[in-house]
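Let us walk through the structure below step by step, beginning with one chain taken alone and ending with its contact to a partner.

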Amino acid sequence: MGDYRGLNVRRDRGGCCPPMDLMRSEAMQLVRIIVPVESAHLTLSYLGDLGLFQFKDLNADKSPFQRTYANQIKRCGEMARKLRLFREQMAKAGIAHSEMAMTQTRIDFDEMEIKLGELEAELIEVNSNNEKLQRSYNELLEYMLVLKKAGEFFYSAQSSATAQHREIEARQIGDGSIDSPLLLEQEMLTDPSKQVKLGFVSGLVPKEKAMAFERILFRATRGNMYLRQAAVDDPVIDPISGEKIAKNVFVVFYSGERAKTKILKICEAFGANRYPFTDDIGKQMQMISEVSGKITELKTTIDLGMLHRDNILKNISYQFEQWNNLVRTEKAIYHTLNMLSLDVTKKCLVAEGWSPVFATSQIQDALQRATYDSNSQVGSIFQVLHTKESPPTYFQTNKFTSAFQEIVDAYGIAKYQEANPGVYTIITFPFLFAVMFGDWGHGMCLLLATLMLIFREKKLSSQKLGDIMEMMFGGRYVIMMMALFSIYTGLIYNEFFSVPFEMFGRSAYACRDPSCRDATTDGLVKVREAYPFGVDPKWHGSRTELPFLNSLKMKMSILLGVAQMNLGIILSYFNAKFFSNSLNTWYQFIPQLIFLNSLFGYLSLLIIVKWCTGSQADLYHVMIYMFLSPTDDLGENQLFPGQKTLQLVLLLLALISVPWMLFPKPILLRKQHNERHQGQSYTVIHNTEESLEIEEDHDSHDHEEFEFSEVFVHQLIHTIEFVLGAVSNTASYLRLWALSLAHSELSSVFYEKVLLLAWGFNNIAILIIGIVVFVCATIGVLLVMETLSAFLHALRLHWVEFQNKFYEGDGYKFAPFSFALLADEED
Amino acid sequence: MGFLMTTIIFFVVGVVASVSVRLCCNRGPSTNLFHLTLIITATVCSWMMWAIVYLAQLKPLIVPILSEGE
């Protein structure tokens with residue numbers, strides 16, 4: 001579009017007023033830097049420290065693997081992986097690494113790579129050794145349990161067997177018959193053979209599988225087995241899985257080889273660990289002492305191993321942050337180096353990018369330092385290019401203004417050098433919030449909360465906070481402004497947790513006579529001048545409070561809304577003046593101003609006149625009949641002499657301004673375009689080749705077509721939007737009234753129906769409960785929910801009603817190559 | 001205190017605030033203008049709020065009618 005020509009020409013605005021911080025984005029320039037290859041790395045490192053250069057990707061058509069430095073990036077990726085492994089290990093071992101780099105010595109990149117590789121190998125080895133040792137340790141523990149418990153089985157079985165044996169002997173002695181010895185002999189003969197074939201398996205089985213284990217053993221051996229189980233009291237660490245499982249010690253007796261194989265397979269299937277056991281008591285004791293010896297040995301070995309590992313990790317932790325930073329910056333540098341294009345001679349790299357004009361000397365300084373430090377023969381070349389591309393938008397904000405700028409940016413980044421609504425948002429946003437929040441008690445609570453955040457700023461900014469806390473901390477200055485304004489509007493609405501105070505003088509209202517008979521029927525009378533600051537305290541709790549306050553707040557919303565919208569239109573004038581767009585000034589700004597003010601500016605005037613004169617005129621009636629029957633006599637709705645003629649004039653002005661906004665601009669644009677092309681057509685004939693070359697890589701506006709219908713429709717939409725928007729946006733400001741009413745009603749309900757009710761019972765317990773409920777309700781509903789609600793609506797009023805009068809918001813943000821920003825991105 | 005008097009007080013407070021900000025943090029003409037804009041905006045907003053509420057109570061059309069049991 002022919003609207004915005006010569007974006008990069010510095011405007012000399014010394015005329016009316018000097019330039020204002022933050023009002024327009026910084027002047028940017030497209031810069032080409034030619035760097036010799038040997039100093040490229042160092043140059044980028046210094047530019048990254050500076051953080052004021054946004055590189056353009058000159059190799060956009062190449063895939064990541066085709067780029068020059070893909071290998072380096074792979075190396076960096078490997079190192080980053082190793083560092084992540086270290087971080088995991090440190091977290092598992094519970095060793096914290098310091099957030100700040102402890103030493104500032106420069107480390108060589110290749111050295112670090114080797115060192116990281118060594119450390120990783122060592123760590124992996126130590127870990128696997130540890131695992132093996134731990135496994136053996138757990139097995140030995142289980143073996144110990146088996147030895148103890150199985151020993152008990154055999155001991156008890158032994159004792160019962162000897163008891164039975166003695167019984168049989170006693171019976172034998174008691175019976176003493178002749179033919180029994182043969183039978184006995186047979187028994188005794190057969191017993192040893194049976195004893196020889198009886199085998200047993202001992203081990204541990206998980207308690208939950210014990211029943212199934214027993215059942216399957218029974219079925220598999222057809223009942224020819226004897227199983228003894230005993231539960232282990234504490235859960236045991238399973239050697240294979242490493243988890244704590246409740247287990248049972250079991251001993252299963254069987255006879256025969258086939259039974260043995262079956263039993264072994266079943267044990268494997270159930271994950272029952274088997275351990276050898278001897279039924280010789282002497283050997284048992286020996287085994288027990290051996291195993292306990294081994295256990296203590298292994299424990300010491302394992303502890304030593306852990307100590308060794310912890311030492312390694314501690315050494316890593318001292319340098320971890322520094323290494324991390326180094327790997328991150330190197331990776332970023334190589335990514336950026338990949339964006340530079342290699343010159344045909346392969347001796348230098350060409351970089352293109354945007355940088356602010358004020359940073360020119362700093363960048364040249366960094367280039368010189370890099371040349372010197374890298375002992376390069378050739379210096380870098382710094383060249384400013386001229387282009388018609390739209391530059392990125394860069395606002396220099398400090399910690400106070402950055403939050404407000406983010407609020408504006410969330411809707412849309414400002415176009416290059418257009419007026420920044422952020423300047424006014426710093427004040428009007430908290431102000432409109434406060435109009436909807438208006439209670440100085442709540443305002444003070446908000447202020448206390450946010451002052452706590454602000455005083456602990458330094459400590460909190462280096463910590464890692466949760467999501468919600470992060471948002472609150474980021475917006476602490478916004479909340480502070482909101483709280484300050486809330487205290488002010490709270491004093492004006494005269495509400496302290498919905499209780500009014502008579503602080504600024506005497507109330508204007510008093511009873512008609514000393515007995516106050518008519519107070520509840522006819523009401524009080526105004527005996528003095530109006531209450532000097534804010535709403536008169538006598539209104540609160542009266543029956544006519546709502547009609548009065550509603551009328552007051554609605555009219556206030558209209559007045560504030562018209563004021564803010566006018567400010568928006570005036571900002572559009574400043575934009576038009578800055579970009580030397582006289583079309584916008586004459587055929588957009590002026591008719592818009594006239595239209596809005598002849599209707600809603602006039603309404604505001606009527607409101608003020610009605611207040612000043614105390615007339616009983618009905619403003620709805622006046623406004624509606626201004627349109628329906630403008631020539632009618634006003635009668636009792638007359639507020640000032642000459643009102644009828646004024647209304648007629650304003651109506652005519654409003655009617656004229658609509659076609660004034662709609663028609664001239666597209667027609668004049670077409671005329672301008674034709675004029676420009678008239679002049680151009682001669683040059684095209686003379687030197688076709690040259691003109692084509694000039695336009696090769698930057699957008700050219702000469703080739704664009706001018707579609708009159710498109711432009712006209714665009715203007716039509718803009719006009720309709722403005723005209724209809726004038727009514728709807730003004731009505732939209734009534735949300736200021738609505739939320740303010742909701743807040744004061746909620747606050748009043750909590751006060752009267754909770755606190756006063758609890759007070760009325762004269763019981764200390766009920767009073768305490770009442771206070772607790774009141775505090776919780778105030779914090780939960782009023783301080784959290786209402787704050788968010790009013791915040792949202794104030795935001796909407798700014799984004800839509802204020803900004804659609806002048807803000808384009810289709811720019812893109814300046815994203816420089818900066819190491820400081822990298823650190824933020826990682827988190 | 002009348003309307004005019006209080007308006008003058010607001011104006012004076014605004015002037016005092018801008019002077020004190022200029023004295024305490026004087027950081028170049030563009031930043032000074034920025035601070036001045038903020039203070040003017042704040043003063044105008046606060047004054048508007050006060051003036052609206054004051055004017056609405058100058059010649060009221062309704063009076064407080066107390067509710068029962070006051």
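**Chain B and its contact with chain A**

In this predicted model, chain B holds two helices and zero strands. Its overall dimensions can be described in two complementary ways. Along the principal axes, the C-alpha atoms of chain B fill a box of roughly 60 × 25 × 15 Å, and the radius of gyration of chain B is 18 Å, whereas a compact globule of 70 residues would have a value near 11 Å.

With these dimensions in mind, we can turn to the surface. The accessible surface of chain B amounts to about 3,800 Å², and carbon and sulfur atoms account for 75% of that area. Of the 70 residues in chain B, 41% count as buried, a class that requires under 20% relative accessible area.

The contact with the partner chain comes next. Here 34 residues of chain B meet 55 residues of chain A, and the area buried between chain B and chain A is about 4,100 Å², with carbon and sulfur atoms giving 74% of it. On the side of chain B that touches chain A, helix α2, which spans residues 29-56, gives the most, with 19 residues.

What kinds of polar pairing does the rule find across the interface of chain B and chain A, and how many salt bridges are there? The count of salt bridges between chain B and chain A is zero, while 12 residue pairs, both members at pLDDT 80 or more, are in polar contact between chain B and chain A.

Key
Residues numbered from 1 in each chain as written. Chains lettered and ligands numbered in written order. Predicted model: local features only at pLDDT ≥ 70, side-chain atom pairs only at ≥ 80, totals over all residues. Heavy atoms only, no water. Helix = DSSP H or I, 4+ residues; strand = E, 2+ residues; numbered from the N terminus. Rg over C-alpha atoms; globule rule 2.2 N^0.38 Å. Buried < 20%, exposed > 50% of the residue type's maximum accessible area, 1.4 Å probe, protein only. Areas by Shrake-Rupley, 256 points an atom, 1.4 Å probe, with all protein chains shown as cover. Contact = heavy atoms within 4.5 Å. Buried area = accessible area lost by both parts, 1.4 Å probe. Salt bridge = Lys/Arg side-chain N within 4 Å of Asp/Glu carboxyl O. Polar contact = N/O pair within 3.5 Å; in protein donor to acceptor, adjacent residues only side chain to side chain.
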